[in-house]
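Reader: I'd like to talk through the aromatic rings in this model. Could you show me the structure and start with how exposed the rings are?

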Amino acid sequence: MMVFTKKMIEIRNILQKVGQSSTLTLPSIVVIGSQSSGKSSVLEAIVGHEFLPKGSNMVTRRPIELTLVNTPDSKAEYGEFPDLGLRKISDFTSIQRTLTELNLAVPDSECVSDDPIHLTIYSPNVPDLSLIDLPGYIQVVGHNQPLELKQKISELCDRYIQPPNVILAISAADVDLANSTALRASRRVDPRGERTIGVVTKMDLVDATRGASILQDKQYPLRLGYVGVVSRAPQSIGGLFKKGSSSGDGSALMNLISKNEDSFFSSHPLEFGPTADVSVGTATLRKKLMTVLEQTMSASLQGTTDAIRQELEEATYEFKVQYNDRPLSAESYLAESLDAFKHSFKQYAEEFGRPQMLQLLKRELDQRVLDLLAQRYWNKPVTDLAPGVPEPDALADLPKADPDSLYWHRQLDASTAQLTKLGIGRLATNVVATNIQAGVEKLIAQSNFVNHPFARQAIVEAASSILNDRFYSTSDQVENCIKPYKFEIELEPREWDAGRDHAAVVLKDELAACQQALKRLESSVGGRRKLNEVMNFVDKARRGDIVVEGESRSGAGGFSAALLQRGREAVFLRDRGDIINMRLLAAKSKQCRTMNNKYYCPEIFLDAVATKLASTAVLFLNVELLSEFYYNFPRELDQRLGRHLTDEEIERFAKEDPKIRRHLEVIRRKELLELVLEKMESLRQLDGREKSRRGSN
Ligand code: GDP
C-alpha cells in the first residue's frame, strides 16, 4: 500500500499548485511541540539528516511543509525548494542554511509568518510522508520579542492542526505531560484524541518505569497511542557525525540513532520489551506515521474528491462564461500577439513609402527655408554684406530692383548654398528614422504588447538597433547624391510652377501661424485693447516718438516688464505677418511667373530647390534605410521575441497582462483539477480493491 500514500502526496503537491481553496487539502502530519521538546531531533531522526535550522534565536519562524519521497531505485539523497527554483541540493548543510535564511528573513518584529516554506526531500531511506514543522510553542516571551508572540505562534499552529490533518504532539519525558503545550493544543481541536499521535522524547532522561507509565497513556488517552523515542545521537559520535552529515549517508545517522535507542530500550526489557505493551523507537514511529497517514488519506479520499469535483465545475463554468471556452497558452498568446504585430507592421510598411517620406522631408525643409528667408530677406538690417556690394533696396522694392543687382544675386546664391549645405544627409535620415521609430511605438500602443513592458522594450530596441546600424551609411549616401546641387541647380519650368504653388501654401500656413500666435498673446494680456496699447507704446518708442527713460525691471510707460515683452513679441508677429502678406502678393504676381525672375522670388526658388533635394534624398533613403528596415525588422522581432525566450520568460511575459494572467490561471486550474481528479479516481479504485482484498482475506 506504499504506493497509495506516494500517489496521494503527488496529488497533494499538485493541489498545492492549484492554491486558492482551503477545502482542497489532503491530510498531512503536523508536528507541534514546545521549544526544546526535541521536535527537530525527531524530524531529523525520521529523515536521517541534520537539516533543520538550529540556534537559540527563534529559528523556526515559518511553517516548513516537508514532503518526503521514497526513491527505492536510487541511492541519491537530495532536497528541493520548489518555490525557489533552485537545483537539487544534495548537501544537507546547504539545505539547513537555506532554511535558516528563509526563516530569518522574517523580521524580529514579526517573529512568525504563516507563509510556508516548501521543501521536498528525496531519498531511499525516507518513507513517503508529508509533514509540517511549525514554530515551537514558547513559555516565556524573551525581551526583543513582541509580547503577542506566544499568541501568534499558538494561532499559527491552530490553523494547521485542523482536520483532516494528523497531529504529532511532541512532549519530553522529563516534563510532566500535564504541562505539555502540544497535548493541550491537540486536546482543544481533537478532544477525543482521534487524530493525535503522542511522541515522548528524551526517554533516556527519566527512570524506565516512569517512562513506560507515560507511554501507557492512562492519563491522556490517545486512540493512535504514544511512541517513546531517544532521538538524539550519542554525544561523542554525534558531534563527529554532525560535521560529516552533509555528505554522509542518511542511513548512517539513522543506524546510529536506532542503535542508541535499541541499546537503551533493550537494556530495560521489563519496561519496554515485547511484553510491555508500549511502542518505542524511531523506526516504530516511522511505521506508525506511514500507516496513520495512509489511513487518514484513504478516509479523506471521498470528501476531497467531491470538493475537487465541485471546484472543477466552478473553474469550467468560469472558463465558459468569462472566456468563452477559448483555449490559451502563454506560447500561443505570444505567437498570436507577435503575428498580429507583424501583420500591423506590414500594413504600416505599405502605407509609409516614398511619397510619405517625401512629404515628411519636404515639410522639414520648408521649415528650414522659412528660417533662411527670415534670416536673409525678411529681417532688417542685413549684416553680412560682402565688400563692394551696394546697400540693398528695401524688400518692398525688390520687384522694382535692377535685374542685375549684385546684392540680390548674392542673397539668393548664399541662401541656396546654405540650404544645400545644411547637412541634408543627416537631417533626412534622422527625420525618417525618427518617424519610423514613432510609427513602431504607435503600433505597439495599438497591439497586445502595450501591456507588456518586456516585449515593448524588446520591440523598441529591435527597431533602434536596425536604424542605428544603417544610420551613418545612409546619411553618407544621401549626402553624396545631393552633392551636385551644391554647385549648380537647374530647374525645369514645371518645377518652378510647382514651387510657386507650394511656396504660396507654405507662406499662407506661416501667416496663419503668426496670426494664431498673435491671438494667443492677445488673450494672455487680457484682450485686444490692452495689447494694442502696449504695441502702440513699443512702436512709438522704436520710432523715437517717445523717450523711454532707462527701462527698469519694473517696466516703463506704465507697463510692466512682462507686458512690454509681450508687446514686443506682438509687434514682431504683426510685422512678420505684413511681410509675409507682401511676399504672398509678390509670389502670385506676374513677375514671378517665370523662373527668369528668380532673384525677385526667393521663396519660390528655394521651395523648388528644397523639393529637388528632398526627392533625391528619398530615392536613396528608400533603398538604404526603408527597404532594409522593412526586411529586417520582422526577422529581428522573431529573434527577440520568438525562439530565444525560455518557457519561464514566455510565461512571465504572458502574465504581465492581468487579463491574460487570469485567463491562463483559469485554464491551468482547470487542467490541474482534471489531472488530480483523474488520479483520484484511479486511486479510489486502487483503494477499493485493496479494501475488498483485505476484507476477503
Ligand atoms: P526542539 O527545540 O523542540 O526542536 O528541540 P531539539 O530537537 O533541538 O532538542 C532540544 C535539546 O534536546 C537538544 O539539545 C537535543 O540534543 C536534546 N534532545 C533531543 N532529543 C533527545 C533525546 O531523546 N534524549 C536526550 N537526552 N536529549 C535529547
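Reader: What is the relative accessibility of Tyr377, and what does it count as?

Author: This is a predicted model, where local features need pLDDT (the predictor's confidence in each residue, from 0 to 100) of at least 70, side-chain atom pairs count only at pLDDT 80 or more, and totals for chains, interfaces and linings use all residues. Residues are numbered from 1 along each chain as its sequence is written, and side-chain values use heavy atoms, with hydrogens and water left out. Buried means under 20% relative accessible area, exposed over 50% and partly exposed in between, with a 1.4 Å probe and protein chains only. Tyr377 has 1% relative accessibility, so it counts as buried.

Reader: Which ring does Tyr377 stack with?

Author: Rings of Phe, Tyr and Trp (its six-membered ring) pair if their centres lie within 6.5 Å; planes under 30 degrees apart count as stacked, over 60 as edge-to-face and the rest as tilted. Here the centres are 5.9 Å apart with 10° between the planes. The partner of Tyr377 is Trp408.

Reader: Why does that pair tie together separate parts?

Author: Tyr377 lies in helix α12 and Trp408 in helix α13. The pair therefore links parts whose separation in sequence is 31 residues.

Reader: How far apart are the ring centres of Phe629 and Phe633?

Author: Both Phe629 and Phe633 are buried. They sit four residues apart in helix α19, so about one helical turn separates them. Their planes are at 15°, and the pair is stacked, with the centres apart by 4.9 Å.

Definitions and conventions
Helices (H or I, at least four residues) and strands (E, at least two) are DSSP runs, numbered from the N terminus.
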